[in-house]
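Please report on the strand pairing, helix packing and domain division in this model. Keep it brief.

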Amino acid sequence: MSAPAGTFHDRVEKALHDPQLKIALERTTGNARRKRAAAVEAWPEFSAARAAAAAIKDHALAHMAYYLEMFERNALASGAQVHWARDPDEARRIVVEICKAAGAKTVTRSKSMLGEEIGLPHALAEAGLRRVETDLAEHIIQLAGETPSHIIWPAAHRTREDVAKLFDQYHREKPPAHDVVSMVGSARKELRADFFAAEVGISGANFLVAETGAICTITNEGNAELTTTPPRVHIVTAGIEKIVASTEHALQLTRLLVRSATGADLTQYTTFHSGPKRAADRDGPEQFHIVLVDHERTKMLSELPEMLRCLRCGACLNHCVVYRAIGGHAYGGAYPGPMGSVLTPAFDGLQQTRDLPSACTLNGQCKQVCPVDIPLPTMLRHWRSRSWRAGYEPKIAGAAISIWAFVAARPALYQLAQTFALPAMRLFAKAGWISSLPLASGWTAHRDFPKPPRQTFLTMIRKGNRS
Amino acid sequence: MNAREAIFAAINKARTESGASAAIAAEAQACSEAMKRTLPALDLSDLAALFTARAGAEKVGATLERVAALGELPAAVARYVAANNLAPDFAVQPDPRLRQLDWGALRPGAPLRPDSALAVGIALCGVAETGSLVFHSGSEAPTLYEFLPLHHLVALDAQSLLPRLEDYAVFARDLAVPRNVNLVTGASGTTDIEGVLARGAHGPGRLHIVIFN
Amino acid sequence: MPERGNAPGAPHVGLFATCLVDSIRPNVGFAALALLEAAGCKVEVPLQQTCCGQPAFNSGADDAAKPLAKAVIETFEAFDYLVAPSGSCAGMIKAHYPELFADDPAWLPRARALAAKTHELLSFLVDVRGFSPRNVVCKASATYHDSCSGLRELGVKAQPRALLNAVAGLELRPLEGEETCCGFGGTFCVKYSDISNAIVGEKAQNVVATDADLLLGGDLGCLLNMAGKLRRDGASTRVFHTAEILAGMADHAIGEEA
């Protein structure tokens, strides 16, 4: 990821003042929430299934080295070439070198968040390659010159009216109408030839299957197979935490992943890719490269182990009141929403990103909908406490907490403080309410505050008078 | 230390768990079994009926019909071609079971092209739970047959139906791993514009399944 | 320490009023007292109580939260139960004290022991005491917001509704997004005031859309947030803590002067 523009607060202000963004987010996440709810309703033991899914991922992570070695062995046996990258820089270099060796001019990509995480779009452009995003949403944001704002619906910040404008402007053949179906048809036509022009197709992976050495992609549009089958070279970039023991485990996790993401029972295309074209095959790439990326994941094994379960379903985004208010771009990382607020500090450094884990009400809905039961609020609190200890918190806010805690730990002092503060606050009240209060503009900018009582509850109890 | 060595060293530093492969396999098996115990009950007495209900459900969106034998596939194709105003030329997956059928007046020899209107194929098996068709790529089943045509008409042997996704995983263990395993569940679609489902994104816009005995 | 309610064999309950109730809305504390006594408890209000430490803990300031948590443990560990008219304060003690002292072998057992007997008021009344209000009348329509900590950390959902259904004349109306956070989030609402405003703005719209006379809930922080926003938006919805309705002590809503 390239560095995001402005501070978190700047980006939030921009988002909150964009009425179109709110409409777009509510349409997409609202649809997603309704469909997920219906799918979960039809699985009475869904809560037990979440625990079982977490156990499947934890099993693979507990034996990560064992399974990665097994995966590598089986992938090599299938004719795949396996590359290892410690960091985004190394990963980008490997991908670009493969493209160059293949004499590539055009590269097709099917949506991969890992690709965004390691800055692949930018690296391909820098290498002078023509990059064609084939996922519909990625196509939309490529036309708009943007980055994804959601991990499942990268164009969640765009309304259909926005998309119509983009397609009218950029498609060789304008869409015949501006309903969703006509625009989807227009993108199909626009991208058809590129699938066959590309020398290299790049995909991500939802799972790395140790037992077979195959990688699994979960898609709906059919663009992944059209990206990975016709070109001479298929490159997979995947985080090492995508490892699972078996095809069975991959399919069992897919059941929860898809229901949590789109509410379907299964995506239209669940594909296991293993090695290059076999001798008798009539289609498929001649080379199949798998680039396995660490990028802080081995560190997270000790620090944030449950986060490595993440299936990237996006349910925590769709159910997050903060995401729904500010959208994905405000977060400034490759991954937005609750899961992004845990991941981005790990990737980009806590000092620059400390707002992300703080800008959360800890309401717990993200954990409740997570298909692998990741304790997201606990992990966000982990970052807050790291940030506190490291002294990254703003001085005034930190001092306020410290002073308040000092006072609250001393009941007599606490009562004395109340004796001064409450009558002082009462001076600002009119008709029972305070609409502006010094040092409390964070509250009174948007809400009124009720006039405090003459005496506290404990004072009245002490004096023996009941209400 | 190269990247591979560095990554494994970091994993081993963080995770000390190890064990005999038999013990790990037993643990993996226990994980699968625990998941299976959570699954909603399914009526498995008639897999073809279950498959039909699931694949034909609105959110999957395939159309289906049943015929007595594979020999009746050409007649089903002819009906489909007529009903959808398609040309009688179409591509046929190079599976000998399809090539040896008597296609009558239909012309099944068309090459597969990026804009093929219709391709006729045959699935390796089906998964009733999800209404999914399974294809293993190979000389008789090139991958692109499932993705290029606008209409994909697929023959499915009722005897090949498996109850659940787990049963497919067990079934596949005895087969060579092909380049591509495709589980196809309905026609291609996208919800990328405002979360609204639209069919025919890049793959087929229509999927018609002919179940034969 | 004043004591009230003296039935023999009655459980000895320490009422943790919470700092917000203590400072801003004592009526909730008195309502809680009355309800616990009506439910057959011997109630005490320890006078040295202040705050559970949640604002510090949620800010990541574990070192600042610990002395407060220790004080709460020392103050309440002798009681049969700690009851608080707040899901988030009860949740702090029940779910997070053991987390806070996870590496402290001296305090962890005490934190766990207190967690085990800590309850949110409304769920305590129903689940532990089998209580139902009698002869309480409130002729009004009301809608209910499920505060997040109570709902997700403690499973408070059915209990307040069961209690309110026993109030004569009260009509409960469903609230769109009743399980969705109101945007309070403790210090969040002042640190990220504009985001919080967007969230509570949507909540206020949903409340107004029910056209109910009253908005009820079980956590004063959330109620102050929603009441303050409704008031700023010019809505006439009256906001009460559920305990005030159940105790028949709902004369003056939040912000209404006596």
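## Domains, sheet and helix pair

Chain B divides into domain 1 (1–38) and domain 2 (44–212). The bounds come from an automatic or database domain assignment. The C-alpha centres of domain 1 and domain 2 of chain B lie 37 Å apart.

This is a predicted model, in which local features need pLDDT of at least 70 and side-chain atom pairs count only at pLDDT 80 or more, while totals for chains, interfaces and linings use all residues. Residues are numbered from 1 along each chain as its sequence is written, with chains lettered from A and ligands numbered from 1 in the order in which they are written.

**Sheet in chain A.** Six strands form an open sheet in chain A, in the order E1-E10-E7-E4-E2-E3, with parallel pairing. At its edges stand E1 (81–85) and E3 (130–133) of chain A; each has a single partner strand, so one side of each lacks a neighbour in the sheet. From one strand to the next, the twist averages 20 degrees. Helices (H or I, at least four residues) and strands (E, at least two) are DSSP runs, numbered from the N terminus. Two strands pair if DSSP finds at least two bridges between them. Strands of a sheet pair through backbone hydrogen bonds, either parallel or antiparallel.

Three of the parallel pairs are set out here.

| Strand pair (chain A) | Bridges | Bridge partners or opposite residues |
|---|---|---|
| E7 (residues 233–239) and E10 (residues 287–293) | seven | A:His234 and A:Phe288 |
| E2 (residues 106–109) and E3 | four | A:Val107 and A:Arg131 |
| E2 and E4 (residues 200–203) | three | A:Thr108 and A:Gly201 |

**Helix pair in chain C.** Helix H5 (residues 87–100) and helix H6 (residues 108–116) of chain C pack at about 165 degrees, with axes 8 Å apart. H5(C) is therefore roughly antiparallel to H6(C). Angles under 35 degrees count as roughly parallel, over 145 as roughly antiparallel, 65 to 115 as roughly perpendicular and the rest as oblique. Axes are lines fitted to C-alpha atoms, for helices over the stretch in contact; angles run from 0 to 180 degrees between N-to-C directions.

The crossing of H5(C) and H6(C) is left-handed, meaning the near helix is turned anticlockwise from the far one by less than a right angle. From H5(C), C:Ile93, C:Lys94, C:Tyr97 and C:Pro98 meet C:Leu108, C:Ala111, C:Arg112, C:Leu114 and C:Ala115 of H6(C). Contact requires C-beta atoms, placed from the backbone, within 7 Å. By class, the contact of H5(C) with H6(C) holds seven nonpolar, no polar and two charged residues. Ala, Val, Leu, Ile, Met, Phe, Trp, Tyr, Cys and Pro count as nonpolar; Asp, Glu, Lys and Arg as charged; the others, Gly among them, as polar.

Technical notes:
Contact = placed C-beta atoms within 7 Å.
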